[in-house]
Amino acid sequence: MAKLSGLNTWKELQSHYEKIKNLHLREMFALEPDRAETMAVEEEGVYFDYSKHRANGETMSLLFKLAKEAGLREKTESMFKGEKINNTEGRSVLHIALRAPKTAKIMVDGKDVMPGVHATLDKMAAFSEKVRKGEWKGYTGKTIKNIVNIGIGGSDLGPVMAYEALKKYTQRNLVFRFVSNIDDTDFAECTHDLNPEETLFIVASKTFTTLETMTNAHTARAWVLKALKDDKAIAKHFVALSTNAEEVSKFGIDTANMFEFWDWVGGRYSMTSAIGLSNMIALGADNYRAMLGGFHKMDEHFRTAPFEKNMPVIMALLGLWYADFFGAETIAVLPYEQYLKRFPAYLQQMTMESNGKTVTNEGERVTYQTGSIYWGEPGTNGQHSFYQLIHQGTKLIPCEFIAFGKSLNPTGNHHDLLMANVFAQSAALAFGKTADEVRAEKTPENLVNHKVFEGNKPSTTILMEKLTPEALGKLIALYEHCVFTQSVIWGINAFDQWGVQLGKVLAGKIAPDLESDSQLKHDASTNALIAKYRKIK
């Protein structure tokens with residue numbers, strides 16, 4: 001593909017932006033009274049309303065044309081067929097295989113990966129049932145009651161988000177904790193009230209060498225041995241999610257309790273691989289497979305739906321529209337569902353580690369913005385903190401509201417009030433409140449400008465019936481394919497993450513200097529900080 005900013009469609013979009021950039025959503029709805037119908041999609045139990053965006057039919061036609069010129073449909077097929085679209089690492093990108101049915105056939109290097117995927121799922125299910133039924137005993141014969149997942153990045157954010165999101169469906173006589181931070185407080189607080197005899201650790205590291213994960217894993221090992229006094233106890237209190245059998249065995253874990261995943265699964269897309277073992281234990285195999293079914297339904301929607309009815313594609317194109325033409329730098333994700341409290345944090349890794357790139361697939365520096373900043377909190381909490389800036393601040397912040405028609409814990413009129421706030425916030429953002437409307441409320445003139453809401457703040461509303469395992473799978477896959485779509489159009493690789501490496505390398509060089517009095521050979525600022533730390537320590 002020619003350079004994105006040099007494409008005729010890109011230039012058409014620039015001209016179109018100049019024509020409509022000052023058009024208010026009030027005017028757009030007046031000009032297009034059927035927007036609520038024409039700019040909404042309902043597929044797979046998901047109602048996707050994008051009518052409150054600063055876009056019209058011409059905008060969307062140009063954006064769809066851009067997606068076609070970028071070869072989105074062809075590149076989507078390349079991903080689903082197992083071609084090595086991660087060009088900087090020479091890997092296939094097949095998180096979609098992790099939730100495909102047994103009847104599917106997906107080839108990588110001449111081998112069908114699906115038998116291995118389902119063998120691992122079956123092994124996870126069998127192990128999970130042993131733990132859930134109390135058949136898996138600790139070293140002293142006590143029943144396992146506590147499961148602690150040790151990972152970082154995708155090996156933590158996915159499992160902890162899914163556990164919190166689906167807590168209603170979990171087995172409540174089991175305690176689940178998640179350790180990720182190398183800060184010793186994380187491990188200390190996680191385990192302070194747990195009995196080592198009743199605790200099972202899941203160590204999630206593909207190579208079994210990840211610094212943070214293995215530091216915490218060795219601390220957990222020492223914690224268990226301090227109580228149980230026998231190296232043989234490790235095999236009863238640890239399992240591994242890894243591909244490195246040698247290191248797993250050296251740690252003391254029985255390799256029969258090592259759950260495999262593959263190099264065609266990126267960390268931030270791995271929660272439906274063996275990385276999800278803690279979730280399968282919490283939810284049970286049936287609920288876990290229902291979640292996988294939700295992922296697969298959205299996968300197929302993305303793969304087959306025309307762009308004009310394709311929710312991930314529309315979401316991606318609108319995000320690009322604001323980033324590259326309006327100069328918006330962030331997107332607020334606002335779930336009106338308390339169980340989704342960790343969902344914005346999960347999306348931060350998926351979106352920002354994927355598309356935070358300055359170099360194209362051809363190795364050239366981009367000449368346009370990529371990778372929006374994602375952030376958010378559950379509603380209605382956010383309304384009493386940062387919504388002020390969204391409504392009346394100087395930043396343009398597109399919002400994505402996520403809501404469900406039914407509460408999982410119905411109490412009085414709580415859910416009606418929650419949903420009233422969802423609809424009210426999206427309307428207030430879009431249409432605002434004019435000075436005349438403020439004056440009509442008999443507001444003193446000196447306060448009028450303070451109470452004006454400019455509106456014209458774009459938002460999407462995603463509405464589903466209720467938060468089930470299947471619904472969560474659809475929601476995550478929606479964002480996964482949105483990320484992929486944007487990467488294709490921007491011409492970048494969404495599946496590598498070289499940007500995380502430099503800090504790791506430098507930390508490895510600095511760490512020895514914190515434990516000795518060696519001569520410092522870093523930059524002046526770092527030397528001064530190390531010297532100060534040595535004094536404090």
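Begin by selecting Leu 98, Val 117, Thr 120, Leu 121, Met 124, Trp 262, Thr 272, Ser 273 and Ala 274, the residues that line the second largest cavity. The model on the screen is a predicted one. The volume of this second largest cavity is about 50 Å³. Its lining divides by class into six nonpolar residues, three polar residues and no charged residues.

Next, turn to the largest cavity. Select Phe 48, His 53, Met 315, Leu 318, Gly 319, Tyr 322, Ile 331, Pro 398, Glu 400 and Thr 460, which form its lining. The space inside the largest cavity is about 70 Å³. Helix α14, residues 311-326, contributes the most to this lining, with four residues. Sorted by class, the lining of the largest cavity comprises six nonpolar, three polar and one charged residues. Across the whole structure, a search finds three cavities of 30 Å³ or more.

Tyr 322, one of the residues that line the largest cavity, also leads to the aromatic rings. Keep Tyr 322 selected and add Trp 10, Tyr 17, Trp 321, Phe 325, Phe 326 and Tyr 368: ring pairs link these residues into a cluster.

How many aromatic pairs does a search of the whole structure find? The search finds 28. For one of them, display the side chains of Phe 127 and Phe 259. Their ring centres are 5.5 Å apart and their planes stand at 65°; an angle over 60 degrees counts as edge-to-face, so this pair is edge-to-face. Phe 127 belongs to helix α6 (residues 114-132) and Phe 259 to strand β9 (residues 258-259), so that the pair links distant parts of the chain, 132 residues apart. Are these two residues, Phe 127 and Phe 259, buried or exposed? Both are buried.

A further pair is found by selecting Phe 187 and Trp 223. This aromatic pair is also edge-to-face, with 6.3 Å from centre to centre and 85° between the planes. Because Phe 187 lies in helix α8 (residues 184-191) and Trp 223 in helix α9, the pair ties together parts that are 36 residues apart in sequence. Phe 187 and Trp 223 are both buried.

Now select the whole of helix α9, residues 211-228. This helix has 18 residues and reaches 26 Å from its first C-alpha to its last, close to the 26 Å expected at 1.5 Å a residue. The buried residues of α9 include Thr 213, Met 214, Asn 216, Ala 217 and Ala 220. Further along, Arg 221, Trp 223, Val 224, Leu 225 and Leu 228 are buried as well. After α9 comes Lys 229, which has a positive phi, near 65°.

Return to Arg 221 in α9 and add Phe 251 to the selection. The charged end of Arg 221 sits over the ring of Phe 251, 5.7 Å from the ring centre. A second arrangement of this kind appears on selecting Arg 35 and Phe 29: the charged end of Arg 35 sits over the ring of Phe 29, 5.1 Å from its centre.

The final stop is Gly 293, located in helix α13, residues 285-304. Why does Gly 293 count as partly exposed? Its relative accessibility is 26%, and partly exposed residues lie between the 20% and 50% limits, so Gly 293 falls in that class. To close, display the C-alpha atoms of Gly 293 and Val 131: the two residues are 162 residues apart in sequence and 24 Å apart in space.

Methods:
Residues are numbered from 1 along each chain as its sequence is written. This is a predicted model: local features need pLDDT of at least 70, side-chain atom pairs count only at pLDDT 80 or more; totals for chains, interfaces and linings use all residues. Side-chain values use heavy atoms; hydrogens and water are left out. Helices (H or I, at least four residues) and strands (E, at least two) are DSSP runs, numbered from the N terminus. The expected span of a helix is 1.5 Å times one less than its number of residues. Buried means under 20% relative accessible area, exposed over 50%, partly exposed in between (1.4 Å probe, protein chains only). Rings of Phe, Tyr and Trp (its six-membered ring) pair if their centres lie within 6.5 Å; planes under 30 degrees apart count as stacked, over 60 as edge-to-face and the rest as tilted. A charge sits over a ring if NZ of Lys or CZ of Arg is within 6 Å of the ring centre and within 35 degrees of the ring normal. On a 1 Å grid over the protein atoms alone, a cavity is a set of points where a 1.4 Å probe fits but cannot get out, and a pocket is an open set with protein on both sides within 12 Å along at least five of seven lines; lining residues have an atom within 4 Å of a point. Grid points are joined across faces, edges and corners, and a volume is the space filled by probe spheres set on the points. Ala, Val, Leu, Ile, Met, Phe, Trp, Tyr, Cys and Pro count as nonpolar, Asp, Glu, Lys and Arg as charged, and the others, Gly among them, as polar.
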